[in-house]
Every structure is written in structure tokens, then in C-alpha cells.
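Work through the exercises below with the sequence and the structure at hand, and try each task before you read its solution.

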Amino acid sequence: MPGTQRYLRYIVAALICLILLFFFTSSSSYQTPNWAGSRPQDVSSEHNNAQTPSDKGLPQAVAPGERMNATFVTLARNSDLWDIVKSIRHVEDRFNRKYNYDWVFLNDDDFNDEFKKVTTALVSGNTKYGKIPTEHWSFPDFIDQDRAAKVREEMKEKKIIYGDSISYRHMCRYESGFFFRHSLMLDYEWYWRVEPGIELYCDINYDAFKYMVDNKKKYSFVISLYEYVETIPTLWDATKNFTKHFPQHIAKDNSMRFISDDDGETYNHCHFWSNFEIGNLNWLRSDAYMDYFTSLDHAGGFFYERWGDAPVHSIAAALMLNKDEIHFFNDIAYYHVPFTHCPTGEAYRLEHKCHCNPKENFDWNSYSCTSRYFELNNIPKPQGYEKEQ
Ligand SMILES: Nc1nc2c(ncn2[C@@H]2O[C@H](COP(=O)(O)OP(=O)(O)OP(=O)(O)O)[C@@H](O)[C@H]2O)c(=O)[nH]1
Ligand SMILES: *[C@@H]1O[C@H](CO)[C@@H](O)[C@H](O)[C@H]1NC(C)=O
Ligand SMILES: *[C@@H]1O[C@H](CO)[C@@H](O)[C@H](O)[C@H]1NC(C)=O
Ligand SMILES: [Mg+2]
């Protein structure tokens, strides 16, 4: 009977599936111990039983010379593991395999063993894992919880991205005022921030940290853009109140023209996109920056609005650093959803084995503020930029 035959065929197919499933699960759990816990440097060491000569890997292409007092830093949850490993792979392949800088991971929760095991295997420098103290990731006592809750409701109605999220606000406040004071970060002077899911598109053939040191830079960026106004309606008022009380913190040769079109009366919403940053931790730990953060924190906008760490860092850098202390890393080709920085000029891209599509470069788009940065600093724009506008 055709019905019975079809029935039999289903049973046979199901059996085959079960056998295959058994085979795959048992073989993968058998393979895990082979690589778990071994560090990249251990590849050629005795206790790692290499099966074939090629398992010993190619010699490490470590760049000669001194290293800076610097680390990568990532704020992440355990659930970010498979997105942060992609970022680490990009950073290692394009840069850090040659320099072996450390990597600090911070979390408001404990990192689990899988997170630590997998990220440690991928990073060529030392990895460190820190838990954020509760005082750095909670509502300060001067915040009115009811008012904050009401704002989240309103922002949810208005469909403002992350508008109803408490954790996103703690994250923005943490990145604005605390990450550089974490005990693990006190050992370093320089940081390079890396978020989950980013990409690097070109080889970086020099030490970007050393560039910062040698050229006396304090802060850097690759992408700039306009902030979503609804998230920061009173940030500029709070900033003006700060500059009134602390005029001594304002740099003489500042970048006010980057953030204001009317000499400080209003904010034009330009900011450096802080999911990428290479910067100086001692500057963030300085009285000038800390007075700014404390003053903003008391104004309450991290909770009564949804202030992001990008405009906070950017306004601080624009007002409290001299122009020549802020650097645009044209040669760090970068992606964080949804924007790309792809260096203008084919010769550069070919020479650095870039794999970004130049049509996706955001620099000269009208939503980018990078043109302003070039004009303010009298830097000539690269040849061919008009074609990318
Ligand atoms: N430990 C921890 N890390 C967080 C939390 N929320 C965000 N992060 C991290 O903070 C950084 C910024 O968060 P994202 O979710 O990437 O925010 P975003 O870049 O504005 O938005 P996306 O477009 O979603 O990337 C990332 O490194 C996240 O991994 C959290 O609740 N706990
Ligand atoms: C690195 O910088 C930190 C912060 O400035 C400092 O405390 C530490 O001593 C420095 N380490 C080295 C090796 O210079
Ligand atoms: C202005 O700043 C001063 C000093 O930080 C602070 O005491 C005051 O409360 C602030 N005023 C407002 C309206 O935020
Ligand atoms: Mg992100």
C-alpha cells in the first residue's frame, strides 16, 4: 500500500537523522578538549599534541620595537560572545597579531568560562576579565526613579531606539564616566575600544598607540555624525552650565567649531562615534574630564533623557583638548552597523589589502561631520572625495 510505504520511508529518514545527530554531537564534544584552554603562543609547545606538522602554524609576525602602555577594552555581556569574537578576529588579523597588546573585558555580571576560554584563545596579548562594581552600574541616589520610569514610557511611545531600556542607560553612563577607572584599567595609559560585531577592512602596518604617543594625541575617531536630538535635549544646557562654573578647564585652541555653528550658543549635534576610540586614559581620569562627568551626572540626563557616551566624550574632547590633540585615523578602515569608514583613494586601499567597498564610505556623506573636522583643522580633503559625496 502506498500509505504504508510512505510511512516506512519517514521512519527510515528519521532513523538516519538520529544517527547523524548522534555522530555530530559526539564527535564535536570529543574535539573540544583538543583546543580548549590552549593559548595561541602554545601552538608549538610540547604539551599540545599536534597531529600534523602544519598544526604548528606559521611563525608569529611580531613587529620589533617597544610597546606602549596600552590595552584594548571591551564592555560586553556573555551573550555578546559570538559577536565579539568576530571583532577580535578582525583586530588580531589586521593589527594586533603584530603587536600583541592586552585586552581587558568588562561586564556588569561575571563572565562565564566559555567567554573567557574562547576570547583568551583568540587574543595574542594577555586577557583580563573584570566585573563592574554595582556602584558604577546603578541609579545614583539623587535620581528620582519615578521620573526616570516615566521618561522610559514616553520614549517607548515615541519609538526612540533603546528609549525604554534601563541597561542601555547604565551602559552609556558607564562608558561616559567609569570604564577608565575600573581597577584593571588603572594599569594602563592608553585604550582602544572595541565593540561586538565591528570589522576592520585594511592592514594597519604601524603601531596606532605609538602614533598617539609620538604625536601627542589624546583622543581619536574614524566616523563622526549627528546625534539623535530626542536623546539629548538638555545636554547642551548642562554643558554650558559646566563651562560657566569651570572656565579653567576649557582649552584655548579648542574645537568649538566642530560642535557649534554659533560659537557655543547651541549644539549642532556633531559627535565622534565612540564605539571606536583610541584615547588617553589619564585625560579621562583628569580633574577636567571628571568635573565635566560629575556635573552632567548630577544634571540627571543619563536617566531623565538618554544621553549617549558618544556626545559626552566628543563635547569633552572638543572643549577641553586642543585641536591638534584629536586625531582622525583615516587609515583605520572600520565598520559598525550601519556605517563604514573606507579610506578614500584606491592606491591606499590596494597597498593595505583593504576589502571595503569605497561606495559605502560615510566620510563625505551629508550626515557625516567629518568634513567639518577637516575644514576646522585646515586639512586638505583627499583626492577624489567629491565623487564619494
Ligand atoms: N556587560 C554589558 N555590556 C553591555 C550592556 N549593554 C551594552 N553593552 C555593551 O556596550 C557596548 C555598546 O552596546 P551596543 O548594544 O553595541 O550599543 P550600540 O552600539 O549603541 O548599538 P548597536 O547598534 O546595537 O551596536 C557594547 O560593547 C555592548 O557589548 C549590558 O547590559 N551589559
Ligand atoms: C602605565 O600607566 C599607568 C597609568 O598612568 C601607570 O600607573 C603605570 O605605572 C604605567 N605602567 C608602566 C609600565 O609604565
Ligand atoms: C550647574 O553646575 C553647578 C556646578 O557643577 C551645580 O552646582 C549646579 O547645580 C548646576 N546647575 C544646573 C541647573 O544644572
Ligand atoms: Mg554597538
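**Exercise 1. The largest pocket**

How much space lies in the largest pocket? Describe also the residues that line this pocket.

*Solution.* Keep in mind from the start that the model is a predicted one. As a first step, take the volume, which for the largest pocket comes to about 1,300 Å³. Next, turn to the lining, where 45 residues are found, and where Tyr162, Tyr168, Met171, Glu195 and His336 are the closest to the centre of the pocket. Then sort the lining residues by class, which gives 25 nonpolar, 10 polar and 10 charged residues. Finally, ask which elements supply them: at least two residues each come from β1 (70-75), β2 (102-107), α5 (166-177), β7 (224-226), α12 (309-320) and β11 (334-336), and the most is given by α5, with five residues.

**Exercise 2. Ligand 1**

Find which space ligand 1 takes, and describe the residues and polar atoms around this ligand.

*Solution.* Begin with the location, since the space taken by ligand 1 is the largest pocket. The second step is the shell of 15 residues around ligand 1, in which Leu75, Asp108, Tyr162, Tyr168 and Glu195 come nearest to the ligand. By class, this shell holds eight nonpolar, three polar and four charged residues, and its largest share, three residues, is supplied by α5. The third step is to look for polar side-chain atoms: one in Asn107 lies 2.9 Å from a nitrogen atom of ligand 1, while an N or O atom in the side chain of Tyr168 is 2.5 Å from an oxygen atom of the ligand. His336 likewise has a polar side-chain atom, which lies 3.1 Å from an oxygen atom of ligand 1. To finish, consider the surface: ligand 1 taken alone exposes 620 Å², and the protein buries 82% of that area.

**Exercise 3. Ligand 2**

Which residues surround ligand 2, and what percentage of the area that this ligand exposes when taken alone does the protein bury?

*Solution.* Start by listing the surroundings, which consist of Asn69, Leu186, Asp187, Tyr188, Glu189, Asn282 and Arg285. Sorted by class, the shell around ligand 2 contains two nonpolar, two polar and three charged residues. Now examine the side chains: an N or O atom of Asn69 is 2.3 Å from an oxygen atom of ligand 2, and an N or O atom in the side chain of Asn282 is 3.2 Å from an oxygen atom of this ligand. The last step concerns the area, for ligand 2 taken alone exposes 360 Å², of which the protein buries 40%.

Conventions
Residues are numbered from 1 along each chain as its sequence is written. Chains are lettered from A and ligands numbered from 1 in the order in which they are written. This is a predicted model: local features need pLDDT of at least 70, side-chain atom pairs count only at pLDDT 80 or more; totals for chains, interfaces and linings use all residues. Side-chain values use heavy atoms; hydrogens and water are left out. On a 1 Å grid over the protein atoms alone, a cavity is a set of points where a 1.4 Å probe fits but cannot get out, and a pocket is an open set with protein on both sides within 12 Å along at least five of seven lines; lining residues have an atom within 4 Å of a point. Grid points are joined across faces, edges and corners, and a volume is the space filled by probe spheres set on the points. Helices (H or I, at least four residues) and strands (E, at least two) are DSSP runs, numbered from the N terminus. Ala, Val, Leu, Ile, Met, Phe, Trp, Tyr, Cys and Pro count as nonpolar, Asp, Glu, Lys and Arg as charged, and the others, Gly among them, as polar. A residue is near a molecule or strand if one of its heavy atoms lies within 4 Å of it. A polar contact is a pair of N or O atoms within 3.5 Å; within protein, one must be able to donate a hydrogen and the other to accept it, and residues adjacent in sequence count only if both atoms are side-chain atoms. Accessible areas come from the Shrake-Rupley method with a 1.4 Å probe; for residues, only the protein chains shown count as cover. A molecule sits in a cavity or pocket if more than half of its atoms lie within 2 Å of its grid points.
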